[in-house]
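Below are some notes for a colleague who is opening this entry without prior knowledge of it. Please read them with the structure in view.

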Amino acid sequence: MKTRRKMLTATVVSIALLAACFMQADAFAFMDKNSIQQGEIVLAEEELVPMAGTPDTSNEAKSLSSSPAAVTTGAVTEASGEKTMQAGGAVIDYSNVTDGYVMVKFTESTDKKLKVQVKGPQTVYTYNLTPKKWETFPLTDGDGTYQILVLKNISDSRYSVQTTLSCEVQLKDAFGPYIRSNQYVNFAEAPKTVAKAASLTKKKKKVLSKVDAVYNYVVKNIKYDKKKAETVQSGYVPNLDSVLKNKKGICFDYAALMTGMLRSQGIPCKLVIGYAGTTYHAWISVWVDGKGWVDDVIYFDGASWKRMDPTFASTGNKSKSVMKYIGNGKNYTAKYFY
């Protein structure tokens with residue numbers, strides 16, 4: 001009987017894992033220093049292979065890796081133009097690095113792929129860039145030297161450096177990158193998401209009560225979209241209001257929606273991308289005064305807080321076995337923060 005129960009538990013956990021995003025590599029997540037020649041960079045997109053025995057959801061994996069991810073009152077992002085670097089059709093506005101972000105715009109029309117690399121003291125982040133549109137990119141490595149590069153595709157995986165900037169960053173507030181809107185958590189352009197978060201938390205006084213209300217809403221109302229996971233294109237970025245309206249999405253959508261809702265309520269929140277076991281996955285981490293970053297104690301079960309993994313909790317119907325898996329910090333390895 002005990003053996004049967006263990007097998008059932010393992011099966012339930014496996015089903016939850018299969019329903020999430022799978023990835024074996026991080027495309028465009030690094031820059032080979034030896035590949036920089038005559039203003040060119042080679043971005044090596046590694047082959048994405050789903051884990052053995054699982055459905056082929058590599059397209060969803062590409063959406064996370066190729067786009068490795070928040071406006072509270074008084075925390076609006078802006079390209080003020082006080083400090084800029086401009087060349088090659090690109091503008092980098094670094095007027096607000098002390099608030100934890102830079103803004104980039106490619107001013108010319110082009111059908112070539114554009115990318116932005118943010119090289120922090122420890123981590124390199126690579127994002128897609130849409131022409132003629134300001135985009136916000138967080139400085140999530142904290143204080144230190146950053147290099148910002150705007151890249152334009154030449155052919156295949158070769159990119160030319162359009163402009164580059166090196167700057168020293170000393171944050172006024174360590175939470176700066178995690179309370180503002182950015183490319184991955186764009187609630188500045190999601191009024192319905194902000195309104196829903198306000199409605200859910202209206203009568204909540206404590207931060208953890210607000211977190212609980214938002215978390216439970218997302219878990220109970222957003223369904224995992226298997227079709228989208230199989231067809232999503234590389235470079236996908238969540239549209240929060242669309243996810244809210246359609247009530248379905250992939251793990252990236254779950255995490256981005258919840259992050260945007262909490263940030264709109266003034267609650268510092270990280271969108272985390274890393275590994276759940278060997279599965280590439282997205283979840284969130286929340287800051288609460290007196291508790292710190294709540295990432296391995298996240299959902300409230302009536303007695304204690306467990307890790308906040310809205311995708312697994314939703315797809316596994318919050319079963320005891322799934323929640324036990326989520327609650328075990330050893331099952332998670334954070335890689336990128338947005």
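1. Strands E5 and E6 are joined by a hairpin, with 4 residues making the connection. This is a predicted model, and the remarks here and below should be read accordingly. E5 covers residues 114–119 and pairs with E6 in the antiparallel sense, over 5 bridges. To locate the pairing, start from Lys-115, which has Asn-128 of E6 opposite.

2. Is strand E6 enclosed or open to its surroundings? Strand E6 spans residues 124–128, and 4 of its 5 residues are buried, so the strand is largely enclosed by the rest of the structure. Buried here stands for a relative accessible area under 20%.

3. A second hairpin is made by E8 and E9, with 2 residues between the strands. Within this hairpin, Asp-156 adopts a positive phi near 50°. Strand E8 runs over residues 144–155 and strand E9 over residues 158–169; the two are antiparallel and joined by 11 bridges. One pair to look up is Gln-147 with its bridge partner Ser-166 in E9.

4. An open sheet is built from 4 strands in the order E2-E3-E4-E7, with antiparallel pairing. At its edges are E2 (84–87) and E7 (135–138), each of which pairs on one side only. On average, neighbouring strands of this sheet are turned by 20° against each other, direction ignored. As background, the strands of a sheet pair through backbone hydrogen bonds, in either a parallel or an antiparallel way.

5. Which strand pairs with the edge strand E7, and over how many bridges? The partner is E4, residues 101–106, which pairs with E7 in the antiparallel sense over 4 bridges. In this pairing, Met-103 has Thr-136 of E7 as its bridge partner.

6. Thr-136, a residue of strand E7, deserves a separate look. Why does Thr-136 count as buried? Its relative accessibility is 8%, and the limit for buried is under 20%, so the residue falls in that class. The side chain of Thr-136 is joined to that of Thr-77 by a polar contact of 3.4 Å.

7. The surroundings of Thr-136 can be listed, leaving out residues up to four places away in sequence. Thr-136 touches Tyr-101, Val-102 and Met-103, and its contacts also include Thr-77, Ser-181, Asn-182 and Gln-183. Two of these names have come up above: Met-103 as the bridge partner of Thr-136, and Thr-77 through the polar contact between side chains.

Technical notes: Residues are numbered from 1 along each chain as its sequence is written. This is a predicted model: local features need pLDDT of at least 70, side-chain atom pairs count only at pLDDT 80 or more; totals for chains, interfaces and linings use all residues. Side-chain values use heavy atoms; hydrogens and water are left out. Two strands pair if DSSP finds at least two bridges between them. Axes are lines fitted to C-alpha atoms, for helices over the stretch in contact, and angles run from 0 to 180 degrees between N-to-C directions. Buried means under 20% relative accessible area, exposed over 50%, partly exposed in between (1.4 Å probe, protein chains only). A polar contact is a pair of N or O atoms within 3.5 Å; within protein, one must be able to donate a hydrogen and the other to accept it, and residues adjacent in sequence count only if both atoms are side-chain atoms. Contact means heavy atoms within 4.5 Å.
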